[in-house]
Amino acid sequence: MEEHVGLWWHQLLTRMAGQKGHGGSVALDPMRGELGLLFRALGGAHGLKVDATAGTRHGARRSVIERMAGVRAKVELAGVDAQALRLPGLADAYATVELNQALYRWQTALCAVVPEHGSWVTRNQQGTMHLLENYRGLAASYWQLVQAELQRRPDPATLPPAEAQAERSIRQALRHPDSAVTLIPGARAPEPVLLWLAPDARGAMGVARSQAMEPDEATRAGSSKQQDEKRRVAEDADMPERPGGLMMFRPESIFSWSEYAKVQHDVQENEEEDLARAADDLDTLSVSADQRPVARALRMNLDHAAREETGPTSAEPAILLPEWDYKRQVLLPAHCSVRISSMPDAPARALPERLRQEQRRLHHQLAMLAPERQVRRRQSHGDEIDLDALIRARTDSGSDQQDCYQQVRRNQRDLSCLLLADLSLSTDAAISEKLRVIDVIRDSLSLFAESLSDTRDRFALYGFSSRQRHAVNMVELKHFDEPFNARIRGRIEQIKPAFYTRMGAAVRQSSALLAKEKSRERLLLILTDGKPNDNDYYEGRYGIEDTRYALSEARKQGLRPFCVTVDQTAEDYLPHIFGKHSFTIVKRPAELPRRLALLYAQLTR
Amino acid sequence: MTLLSLHKPHASDIPAYVAVDQEVEVFQMAWRSHLPVLLKGPTGCGKTRFVEHMAARLKRPLFTVSCHDDLSAADLVGRHLIGADGTYWVDGPLTQAVRQGGICYLDEIVEARKDTTVVLHSLSDDRRILPIDRLGLVLEAPPEFMLVVSYNPGYQHLMKALKPSTRQRFVSLAFDFPDAALEQQIVVGETGIASALAKQLVTLARALRQTADHDLEEAPGTRLLVDVARLIVQGCNPQLACRVGMIECVTDDPEMVRALMQVVQAILGD
């Protein structure tokens, strides 16, 4: 009974506080693509994602009803940081769909042009002025948005003097973005300004740390149940050393948490929905590292400071390679150690039965690609006259006089190809009940190798995984001078996924190997299922920028990098890493083996 | 088929071209020194117009060949055709340019097959000869002859880049989109559109260029901008003109068209 009354009471208050949807709300998701494009078009940085922002406590005055209902304590404001353009997950502050869409576009545009330095008000005013002066369409919608925003804001007459003063200043700054306005800090924060970016430059109010932490690979591999794209503010906390503790953990108890209690606990994986909802209610999630993949069911994006690296894991001498630090814009020399291991013990194998039919089909398709001289006779036009056809045409009156030319095509190809396959743990993820990503990658390697030996091009096969910068492992399946045979088929059959994806280092080492080739065309094909990532600071934008740098160096050496990915959601960053023309996404991983060989046919046409 | 346009110059009709740097002087010096020239830069930034302008200025006939996948050496040099009385030879544009002491302009040279461009080697070094095997003939290029090729480094087709050895035979002039003020001036000059509107179009083009390589395959060039301005001068609604003259030209993806039209809307307004 109490439950029913409580629920009824909550619904009544929520309705009174005006939290019910009014039909004019707009979700971020369907607008993501458009807003990302607008952001880049107006000069925003490339390679940033468009993401939902974390709600932050604004501390502004709320009505009694709002406070009783426990609503409107947080606000979602737009902002941009090193990883993403962050926008509210839902825009519903204004009455119409048009106004809320316009708000999204305005926030996006402002994020693209707002100056980095200056006070909160000045930065927003300067950005606003820039947009008003240069973009007529945005200017028109700005004045409509200002009207709506002013209507939404509290009337200064109803506020205590200090707050009224601040409110008047904000209204003045909105109406006249070119006028000088200073905001005297009062005891209470002013009502958030939706047309402006969040006060803190990093995107979230009052939270300095907002670097993204991607879930580690083991977590990603296991999480197919839930994809929760919402960002949450996170803080670091140490894992308690002693197991157990006084507090028994039940997921529903998270409702009552607002502070982290330093107790080790087990999460019951079947209650992920409750967890996600509960996580929304927390201001800050405390995260600590332990060795067990308990977080599988709950995949979240956290605004979280990157963890520091924990030192070397391998003392063996290895190849030292640099790494690009985009934050400092320097190339760190001899920063990564790469070790190349071979598989001497792999037993010789024939091509697996399951691939035989596919291989035969590809063989026929690729046979045409083998370098040779082709003469096409009896053409309607061509480089030379086909004398046979001409004589026959002249002597045999029934024959067609037109097709008396011949085309000569020399398919001279001088090509070396290095295939670099991602063998990180994320490839252990299941695609279907029987198939994992790694199985697809293995079959791709097999069929690709068969195809390449058909076309008689020089090729090498490598796989890679990493465990921080001192342990980047490359597995040599076949080097350029090795003939393709049953032993190599055996090695391919034995590959196993491990650890992480430090792609920059693997690309550099592969480039070095490929650069030694004398061929006219040198193709570096990268086969991966996700973005660069390692379990130190090498994640998010850092890994992306390092890989991008490694690839541009490869291009400067005259190599042609190309990426094939099975990551379905990778479109955000792939053009930034590889360039618009240098990657392809295979939507259905099971098609990868065949697509790869056909792609090769197209690439080397 | 080969696209061939023969531009016969008269003193009066020198195509308008606004010089950005010293490219006019360099081109003249290269011509006098019998050096071939490579023009590189994005599509629609004025490379072709520049060559037309220079040919007219130097009073040389211009032979323009748009290169493509199927272009063969015979398409450049010439071939035997079958007539009523037997076969006869027809010169290709390159041979014509050599014989007439003209300028042969190979547009987008990277699009041509590698075995096609081999015939250019002996013409682009100091030998300046064109061997025609099928006629058993070696043509020596007169001093007035000039070879000009263009190449778009941004247009990265995986296997299509110019070989370093080919590139090093040419004097290279790098082109880029003109700065905003100059581009506005060019659009106004070519079409007579109102200056304020031209400014907005230039802002739009520059915004789209920011997204090139990430969202778009290719940035809209000045040429597209001029086309849009022409439509507007004809009375076309500016938004519509931008859609048909620019947006639909840079992408075929309906989703992308919609998103780009939002950018148009943001910049031009209603």
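The paragraphs below go through a predicted model, beginning with its chains and then turning to single helices, helix pairs and a few loop residues.

Chain A contains 17 helices and 22 strands. Of its 605 residues, 53% are buried. When contacts in chain A with a separation of 6 or more are considered, 71% of them come from residues 24 or more positions apart. Chain B has 12 helices and 10 strands. It has 270 residues, and 53% of these count as buried. In chain B, 71% of the contacts between residues at least 6 apart in sequence join residues at least 24 apart.

A helix of chain A shows how the two chains meet. Helix H2 of chain A, residues 32–41, is mostly covered, with eight of its 10 residues buried. The buried residues are Glu34(A), Leu35(A), Gly36(A), Leu37(A), Leu38(A), Phe39(A), Arg40(A) and Ala41(A). Their cover includes parts of both chains: from chain A, strand S2 (49–52), strand S5 (79–80), strand S6 (84–87) and helix H4 (97–113), and from chain B, helix H9 (195–211) and helix H12 (254–268). Just after H2(A) comes Gly43(A), which has a positive phi of about 105 degrees.

The two chain B helices named there, H9(B) and H12(B), also pack on each other. Their axes come within 10 Å and cross at roughly 145 degrees, and the crossing is right-handed. On the side of H9(B), the contact is made by Gln200(B), Thr203(B), Leu204(B), Ala207(B) and Leu208(B), while H12(B) brings Leu260(B), Val263(B), Val264(B), Ile267(B) and Leu268(B). Sorted by class, this contact has eight nonpolar residues, two polar ones and no charged ones. A general point about helices helps in reading such lists: an α-helix has 3.6 residues a turn, so residues three or four places apart point the same way.

H12(B) has another partner in helix H11 of chain B, residues 238–250. The axes of H11(B) and H12(B) come within 10 Å and cross at roughly 140 degrees. At that angle H11(B) is oblique to H12(B), because angles over 145 degrees are the ones that count as roughly antiparallel. H11(B) passes H12(B) in a right-handed crossing. From H11(B), the residues in contact are Pro238(B), Gln239(B), Cys242(B), Arg243(B), Ile247(B), Glu248(B) and Val250(B), and they meet Val257(B), Leu260(B), Met261(B), Val264(B), Gln265(B) and Leu268(B) of H12(B). The classes here are nine nonpolar, two polar and two charged. Leu260(B), Val264(B) and Leu268(B) appear both in this contact and in the contact of H12(B) with H9(B).

Earlier in chain B there is a further helix pair. Helix H1 (residues 23–32) and helix H2 (residues 47–58) of chain B pack at about 55 degrees, with their axes 11 Å apart. This makes H1(B) oblique to H2(B), and the crossing is right-handed. Glu23(B), Val24(B), Phe27(B), Gln28(B) and Trp31(B) of H1(B) meet Phe50(B), Met54(B), Arg57(B) and Leu58(B) of H2(B). Six of the residues in this contact are nonpolar, one is polar and two are charged.

Some loop residues are next. Phe499(A) has a positive phi, near 55 degrees, although it is not a glycine. It lies in the loop between helix H13 (486–493) and helix H14 (503–515) of chain A. Its relative accessible area is 32%, so Phe499(A) is partly exposed. In chain B, Arg128(B) is likewise a residue other than glycine with a positive phi, near 50 degrees. It sits in the loop between helix H6 (121–124) and strand S7 (129–132). Arg128(B) has a relative accessible area of 10% and is therefore buried.

On the other side of S7, Asp133(B) lies in the loop leading to strand S8 (137–140) of chain B. With 70% relative accessibility, Asp133(B) counts as exposed. Asp133(B) and Val77(B) are 56 residues apart in sequence, and their C-alpha atoms are 9.9 Å apart in space.

The cysteines come last. A disulfide is a covalent bond between the sulfur atoms of two cysteines. How many disulfides does a search of the whole structure find? The count over all chains is zero. Two cysteines of chain A can be placed by their accessibility: Cys111(A) is buried at 5%, and Cys417(A) is buried at 1%.

Note on methods:
Residues are numbered from 1 along each chain as its sequence is written. Chains are lettered from A and ligands numbered from 1 in the order in which they are written. This is a predicted model: local features need pLDDT of at least 70, side-chain atom pairs count only at pLDDT 80 or more; totals for chains, interfaces and linings use all residues. Side-chain values use heavy atoms; hydrogens and water are left out. Axes are lines fitted to C-alpha atoms, for helices over the stretch in contact, and angles run from 0 to 180 degrees between N-to-C directions. Helices (H or I, at least four residues) and strands (E, at least two) are DSSP runs, numbered from the N terminus. Angles under 35 degrees count as roughly parallel, over 145 as roughly antiparallel, 65 to 115 as roughly perpendicular and the rest as oblique. A crossing is left-handed if the near helix is turned anticlockwise from the far one by less than a right angle, and right-handed if clockwise. Contact means heavy atoms within 4.5 Å. Ala, Val, Leu, Ile, Met, Phe, Trp, Tyr, Cys and Pro count as nonpolar, Asp, Glu, Lys and Arg as charged, and the others, Gly among them, as polar. Buried means under 20% relative accessible area, exposed over 50%, partly exposed in between (1.4 Å probe, protein chains only). A disulfide is a pair of cysteine sulfur atoms within 2.5 Å.
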